[in-house]
Amino acid sequence: MEVTDPSSNAESTLKGQGEILQIIYGFAEIMAVKSAVELRIPDIIHSHNSAVTLSQIASEIESPTNQMDLNSLVRIMRLLVRRKIFTAQTPSNGGEMLYGLTNSSRCLLHGSKPSLAPLLLLECHPWMLTPWHFLSQCVKEGGLPFEKAHRCGLWDLASTNPEFNGVINDAMTGITKIMMEAVIEGYNDGFGRIGSMVDVGGGTGSAMARVAKNFPHIKCVNFDLPHVIATAPAHEGVHHIGGDMFDVIPKAHAIFMKGVMHDWSDQDCVKILKNCREAIPEKIGKVIIVEVVLRPDGDGPFDDTNLAVDLVLFAHTSGGKERTEEEWKKVLEEGGFPRYNIIQLPTLPSIIEAFPN
């Protein structure tokens, strides 16, 4: 009989408890980061171009009551330093602790080109958090978490709440700027051979604005729901059109979709692709899909994140999900695009270039 070392079992148990406790209290981390963004701590540090003391940070935080609780700020910063969101160093002269930015906190600067702050604020919005409490109920009964929480879909809620719609648009604009840097570089030759292009579900037009800037020969159209287009700013070289991709899509040589298909079920994606097929010419037409190609066993820098995003889509969309290559192949074939190439980008998504029969 094999003899088990009691101390080994105890160590394994403690390790398991530690891992689960870290998950249980993991929500504290995102809420601490959210508070730092709301207080604009990264921006305050950035404005000094050097590390600053907690007193300096506190003095620049806007407070309607002027009753700053410095001890609360200390506790928030202590966790965020531990998580390497900020740095903390004691000066050699023994003065007050100095706090600085890291690569992570630089991604949270307001107004910076590649900012993830708007996406963080969207995912932490109370209306986006409530559906997470319905995941287990949906497993047992079916249905959609967001609809169980709010009795309507995400886009319906956004269409009737301008402030919430603005939060969504800001988040999508921020992530678009990050993705489009990689898309422009990774698909430079492909854009060079396109005469006209429609961005389906293009939000306020930031993606097409970037394309128009780099490839002025392309006739760019930004296409989204009317309430989204109503808030879209003017972009040089971009024409805005309001409509519904489930009805008809404006005609062009190419259809561009970034982060759209993963919001919808396979059945809905097939409908969208069939409308894309009707909008492009038979011989030279194509769809350019910027989406994650899921690798459940992958060990890349974003593979874990992609699995988490898949659950985000479960919680927030009407049947949306991230897809493996096999799942993409099935949807594309049923939608009329049996030929495709996958171009891997260094960031979250890939480019799926698909062609009709």
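**Exercise 1.** In what sense do β4 and β5 pair, and over how many bridges?

*Solution.* Start with the ground rules. This is a predicted model, where local features need pLDDT of at least 70, side-chain atom pairs count only at pLDDT 80 or more, and totals for chains, interfaces and linings use all residues. Residues are numbered from 1 along each chain as its sequence is written, and side-chain values use heavy atoms, with hydrogens and water left out.

Next, the terms: strands (E, at least two residues) and helices (H or I, at least four) are DSSP runs numbered from the N terminus, and two strands pair if DSSP finds at least two bridges between them. Now look at the two strands: β4 and β5 are parallel, with five bridges. Within that pairing, Val-198 sits opposite Val-221 in β5.

Then turn to the other neighbour. β4 also runs parallel to β7, joined by three bridges, and here Val-198 faces Ile-255 in β7.

**Exercise 2.** Place these strands in their sheet and find its edges.

*Solution.* Write down the order first: β6-β5-β4-β7-β8-β10-β9, an open sheet of seven strands with mixed pairing. The edges are β6 (238-242) and β9 (339-344), each pairing on one side only. From one strand to the next, the twist averages 20 degrees.

For an antiparallel pair, go to β8 (residues 286-291) and β10 (residues 350-355), which share five bridges. One check is Val-290, whose bridge partner in β10 is Ile-351.

**Exercise 3.** Which helices pack on the sheet or lie across its strands, and at what angles?

*Solution.* Take α14 (residues 206-214) first: it touches β4 (196-200), β5 (219-224), β6 and β7 (254-258) (contact means heavy atoms within 4.5 Å), and its direction makes about 175 degrees with that of β5. Such angles run from 0 to 180 degrees between N-to-C directions, with axes fitted to C-alpha atoms, for helices over the stretch in contact.

Follow the chain, and β4, α14 and β5 form a right-handed β-α-β unit (with the strands pointing away from the viewer, the path from the first strand over the helix to the second runs clockwise).

Finally, α16 (residues 266-279) lies across β7 and β8, at about 150 degrees to β7.

**Exercise 4.** Why is β4 largely enclosed?

*Solution.* Recall that in a regular strand side chains alternate between the two faces of the sheet. On one side of β4 are Ser-196, Val-198 and Val-200, on the other Met-197 and Asp-199, all buried (under 20% relative accessible area, 1.4 Å probe, protein chains only). Five of the five residues are buried, so β4 is largely enclosed by the rest of the structure.

Definitions and conventions. Buried < 20%, exposed > 50% of the residue type's maximum accessible area, 1.4 Å probe, protein only.
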